[in-house]
Amino acid sequence: MAIEDEYEFDLDLKNRGVAALLGWLVPGVGHLYQGRTSKGIAIFISVSLLFITGLQMSGGKVVYCSFRQPDIRWQFLGQSFVGSAAIPAVIQNRVVRGQEAAGETHRPLFGGKFSPPDGRERIDWHADYHAYFQMGTLYTFVAGLLNMFAIFDAAFGPMAYGIEVVVNDTDETEGEEVW
Amino acid sequence: MISFLSQLILFGAGPEAMSGWEQILYLVPLVICTSLVYGATRHEDWRVIITEAIKIGTWLMVLTAGVFVVALIVSLFN
């Protein structure tokens, strides 16, 4: 079937904000909330597989929040689209930076998971994991970007071109026609 | 191969787990997941999603292979 021949269809996105929030917290759950079960499961498996594999191959070190010299972790901007990892990373950042400002030693929460590295620790991570640190960063970064697309899909419907999609938002009395 | 997949998917691979050309296999899950999710966010019908995913996956592999060949040729002259 040619893509241009795709039929018109109704799509009930329910509460778009809730769907987007759920999709951000756990990939695919926003779609499950909307009743788009197969799509939700496919997104959950794909994004989680990439994210968890990336974490595993790098010893869980690659997802952390740090925007201070010499460690500007810009990759976190992509990784942050997986909220269940972004939230603890931001909390760890605030805890550790607060301790540094108070002149205390590094005492991150959760056994140091998602915590920014302390001084030489970052160099040790690269030395320990070599290319797997970069590979893990790539996997988690791509997983985050893919979830960004999935969140957009949960909030606004599929991004198909030339296809009329009638989107029903249960928060509104009438259906809204888009695209 | 099964050992590689189990390390990659279930347990993660350690730094010394693989070397050389085997590292290229890391591209496979990346391409499959990327093309599938990207296709799924553009369409609702699964037949169209799969068709789109195969197209995107093929395009990604060809692009990567092209970059590899260019890098290989450049490396021959250095």
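## Working through a predicted model

Leaving out neighbours up to four places away in sequence, A:Ile72 makes contact with A:Ser66 and A:Phe67. Keep in mind that this is a predicted model. Here are some exercises to try on it.

**Exercise 1.** Work out where A:Ile72 sits in chain A and whether A:Ile72 is buried, partly exposed or exposed.

*Solution.* Start with the secondary structure: A:Ile72 belongs to strand 3, residues 71-72, of chain A. Next, take the relative accessibility, which is 38%. Buried would need a value under 20%, and exposed one over 50%. So A:Ile72 comes out as partly exposed.

**Exercise 2.** Do the same for A:Arg97, and list what A:Arg97 touches beyond its sequence neighbours.

*Solution.* First, find the element: A:Arg97 is part of helix 5 of chain A. Then check the relative accessible area, which is 13%. The cut-off for buried is under 20%, so A:Arg97 counts as buried. Finally, skip residues up to four places away in sequence, and the contacts are A:Ser66, A:Arg68 and A:Pro116.

**Exercise 3.** Describe the largest pocket: its volume, its lining and the make-up of that lining.

*Solution.* Begin with the volume, about 200 Å³. Now go round the lining: you'll find A:Ser66, A:Arg68, A:Gln69, A:Pro70, A:Asp71, A:Arg97, A:Glu100, A:Pro117, A:Asp118, A:Gly119, A:Arg122 and A:Ile123. The elements that supply two or more of the lining residues are helix 5 (83-101) and helix 6 (121-129) of chain A. Sort the lining by type and you get six charged, three polar and three nonpolar residues.

**Exercise 4.** Decide how helix 7 of chain A is oriented relative to helix 2 of chain B, and say which residues meet there.

*Solution.* Take the geometry first: helix 7 (residues 131-156) of chain A packs against helix 2 (residues 27-40) of chain B at about 10°, and the axes are 9 Å apart. Angles under 35 degrees count as roughly parallel, so these two helices, helix 7 of chain A and helix 2 of chain B, are roughly parallel. From chain A, helix 7 brings A:Leu138, A:Tyr139, A:Val142, A:Leu146, A:Phe149 and A:Asp153. Across from them, helix 2 of chain B offers B:Pro29, B:Leu30, B:Cys33, B:Thr34, B:Val37, B:Tyr38 and B:Ala40. By type, the residues of this contact are eleven nonpolar, one polar and one charged.

**Exercise 5.** Sum up the build of chain A.

*Solution.* Count the elements: seven helices and five strands. Reading along the sequence, they follow β-α-α-α-β-β-α-α-α-α-β-β. Then look at burial: 47% of the 179 residues of chain A count as buried.

Note on methods: Residues are numbered from 1 along each chain as its sequence is written. Chains are lettered from A and ligands numbered from 1 in the order in which they are written. This is a predicted model: local features need pLDDT of at least 70, side-chain atom pairs count only at pLDDT 80 or more; totals for chains, interfaces and linings use all residues. Side-chain values use heavy atoms; hydrogens and water are left out. On a 1 Å grid over the protein atoms alone, a cavity is a set of points where a 1.4 Å probe fits but cannot get out, and a pocket is an open set with protein on both sides within 12 Å along at least five of seven lines; lining residues have an atom within 4 Å of a point. Grid points are joined across faces, edges and corners, and a volume is the space filled by probe spheres set on the points. Helices (H or I, at least four residues) and strands (E, at least two) are DSSP runs, numbered from the N terminus. Ala, Val, Leu, Ile, Met, Phe, Trp, Tyr, Cys and Pro count as nonpolar, Asp, Glu, Lys and Arg as charged, and the others, Gly among them, as polar. Axes are lines fitted to C-alpha atoms, for helices over the stretch in contact, and angles run from 0 to 180 degrees between N-to-C directions. Angles under 35 degrees count as roughly parallel, over 145 as roughly antiparallel, 65 to 115 as roughly perpendicular and the rest as oblique. Contact means heavy atoms within 4.5 Å. Buried means under 20% relative accessible area, exposed over 50%, partly exposed in between (1.4 Å probe, protein chains only).
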